[in-house]
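Trainee: Got a minute to go through a model with me? I'd like to start with the sheets and then look at the charged pairs.
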Amino acid sequence: MSDYNFAYLDEQTKRMIRRAILKGLAIPGYQVPFASREMPMPYGWGTGGVQVSAAVLTPDDTFKVIDQGADDTTNAVSIRRFFQKTADVAVTEATAEASVIQTRHRIPEEQMNAGQILVYQVPIPEPLRFLEPSEVETRKMHALEEYGLMHVKLYEDISQHGAIATAYAYPVKVEDRYVMDPSPIPKFDNPKLSMPAIQLFGAGREQRIYALPPFTKVVSLDFDDYPFEATKADHACDLCGSTESYLDELIVDDAGGRMFMCSDTDYCTSRRKAGHIGAQGVPYEEDAA
Amino acid sequence: MHALEGGFANAPIDAAHAFRAVMNVTARPGVIEAVQGATPPAPLSIAAGVVVLTLCDPETPIFLTPRYDTPAVRDWIAFHTGAPICAPADAAFALGEWDQMPVGEFPLGTSEYPDRSTTLIVELPELSTDGATLRGPGIEHTATLSLPEIETFQSNAQHFPRGLDFLFTCADRLAGLPRTTKVS
């Protein structure tokens with residue numbers, strides 16, 4: 001512990017990030033520029049989320065990290081250990097026990113509550129970036145609320161595929177003003193973006209922070225005749241049998257065998273502990289893996 | 001009291017707790033949080049001192065209203081944060097009592113960069129959840145807060161996404177009012 005300042009970053013950096021977070025909360029959906037620091041991990045591994053978490057954590061927190069819903073992937077484990085080491089926080093895999101949850105590309109299945117903070121890792125914060133490469137132009141488009149291009153993109157989806165084919169990073173409009181990229185969460189998670197918890201988004205390489213206060217109005221873009229639909233694989237989880245949760249598809253052999261399982265490992269494990277068994281599941285045993 | 005005293009005893013930990021309180025009141029207008037850790041010189045309240053120590057540094061010019069612009073306050077802010085004292089037009093933060101705030105002279109940010117606006121730390125003689133009705137992001141239905149007036153906050157919200165953001169302090173307690181909140 002003595003080798004690091006609390007939560008790794010120096011105090012002046014944390015103040016700068018904290019000021020950006022406050023302006024982000026004051027202007028929901030607007031991307032606040034911040035002076036992103038080099039972190040001891042490569043860009044793309046959650047440097048933005050890590051910096052936001054470092055600015056937010058206190059020693060009293062219980063920290064959880066998920067990577068596409070899973071607590072036990074390399075990225076999640078290493079970020080969790082990083083803050084165990086540098087911020088001395090308690091850690092957990094249980095969604096309900098966590099006060100701060102850093103997430104890559106999922107919102108937990110379990111309903112978030114008012115005492116919690118959800119920190120998203122964001123690769124490309126600008127929803128218009130793949131439509132307009134110039135930052136000068138996209139900034140002007142946000143200033144003028146000029147979002148026609150985004151609707152054209154969704155329309156082209158319909159004209160080519162017969163439906164809006166965008167399945168993740170589905171654009172939303174925040175408080176009838178800013179179009180925002182909710183990070184590459186599946187569109188299944190979009191309806192959960194209006195929640196009692198504070199949501200903070202950090203993009204390290206792109207040097208942007210944005211935020212959603214609790215109960216902020218978040219609407220997924222759509223058309224009257226092609227309304228937004230939160231979709232998932234049409235299956236039940238093969239491990240816990242849930243029909244409600246977002247599923248990962250797993251190829252299990254080289255003969256076309258596959259199974260579907262909850263992407264949220266804590267949700268799936270809790271259900272299996274409670275005795276739910278899916279089509280290919282076995283009764284839950286501690287440390288069975 | 002000496003200017004060298006009254007700062008955070010354990011800056012990283014105290015600032016982390018204080019920031020969580022500031023973030024919570026900004027994200028949830030109408031919520032009042034208690035903070036601790038600073039003992040600033042009069043007339044600064046504990047809460048205003050905590051906010052200054054948590055958010056201000058050499059990169060954030062501060063405007064002080066005349067009654068707060070004393071040598072003791074200047075020395076304390078200079079020693080603990082290094083923040084320069086400035087005119088309203090350059091202020092990242094403004095600190096003082098409500099009726100002395102030149103509200104019309106602070107930057108509101110630009111359409112491209114609405115974040116480049118002043119955050120006002122307003123010292124109030126009383127702070128309670130008894131007063132104006134608040135609606136907007138961070139509030140499930142409605143909330144209430146003892147605001148010093150209503151019209152200024154209504155016209156501030158009309159500039160959205162530009163606008164000023166407010167923190168209200170009284171003794172060791174603080175509340176927040178971002179530009180998104182609709183006041184009535």
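Mentor: Sure, start in chain B: strand β5 (residues 132-135) pairs with β9(B) in the antiparallel sense over two bridges. Strands here are DSSP runs of E of at least two residues, helices are runs of H or I of at least four, and both are numbered from the N terminus. Two strands pair if DSSP finds at least two bridges between them.

Trainee: And what is the bridge partner of Leu134(B) in β9(B)?
Mentor: Val183(B) is the partner there.

Trainee: Before we go on, what are the ground rules for this thing?
Mentor: This is a predicted model, so local features need pLDDT of at least 70 and side-chain atom pairs count only at pLDDT 80 or more, while totals for chains, interfaces and linings use all residues. Residues are numbered from 1 along each chain as its sequence is written, chains are lettered from A and ligands numbered from 1 in the order in which they are written, and side-chain values use heavy atoms, with hydrogens and water left out.

Trainee: OK, back to that sheet. What is the strand order?
Mentor: The order is β6-β5-β9 in chain B, an open sheet of three strands with antiparallel pairing. β6 (143-145) and β9 (182-183) of chain B are at the edges with a single partner strand each, so one side of each has no neighbour in the sheet.

Trainee: Chain A has an open sheet of three strands too; what is its order?
Mentor: That one runs β7-β6-β10 in chain A, with antiparallel pairing. Its edge strands are β7 (178-180) and β10 (218-220) of chain A, each pairing on one side only. Strand β6 (residues 172-174) of chain A pairs with β10(A) over three bridges, in the antiparallel sense, and Val174(A) stands opposite Val218(A).

Trainee: What about β8(A), is it buried or exposed?
Mentor: Mostly covered: six of its six residues are buried. Buried means under 20% relative accessible area, exposed means over 50%, and partly exposed is in between, using a 1.4 Å probe and protein chains only. Ile198(A), Leu200(A) and Gly202(A) point one way, while Gln199(A), Phe201(A) and Ala203(A) point the other way.

Trainee: Which strands does β8(A) pair with?
Mentor: Strand β5 (residues 117-121) of chain A pairs with β8(A) in the parallel sense over five bridges, and Val119(A) stands opposite Leu200(A) there. Strand β9 (residues 208-212) of chain A pairs with β8(A) in the antiparallel sense, also over five bridges, with Ala211(A) opposite Leu200(A). The hairpin of β8(A) and β9(A) has four residues between the strands, and Gln207(A) takes a positive phi near 60°.

Trainee: Switching to charges: how many salt bridges does the structure hold?
Mentor: There are 24 over all chains. The rule asks for a side-chain nitrogen of Lys or Arg within 4 Å of a carboxyl oxygen of Asp or Glu.

Trainee: Which residues does Arg106(A) bridge to?
Mentor: Glu109(A), with the closest N and O atoms 2.9 Å apart, and Asp189(A), at 2.7 Å. The pair with Asp189(A) links distant parts of the chain: Arg106(A) is in the loop between β4 (100-104) and β5 of chain A, and Asp189(A) is in the loop between β7 and β8 of chain A, 83 residues apart. Arg106(A) counts as buried at 2% relative accessibility, as does Asp189(A) at 0% and Glu109(A) at 15%.

Trainee: Last topic, the interface. How many residues of each chain are in contact?
Mentor: 42 residues of chain A are in contact with 41 residues of chain B, where contact means heavy atoms within 4.5 Å. The two chains bury about 3,300 Å² between them, 65% of it on carbon and sulfur atoms; buried area is the accessible area (1.4 Å probe) that two parts lose on being put together, summed over both. Arg19(A), Leu22(A) and Lys23(A) supply 19% of the area that chain A buries against chain B, more than any other three residues.

Trainee: And how many salt bridges cross it?
Mentor: The rule finds five across the interface of chain A and chain B. One salt bridge joins the side chains of Asp57(B) and Arg15(A), at 3.1 Å from N to O. Arg15(A), Arg19(A), Asp57(B) and Glu59(B) are linked in a network of salt bridges.
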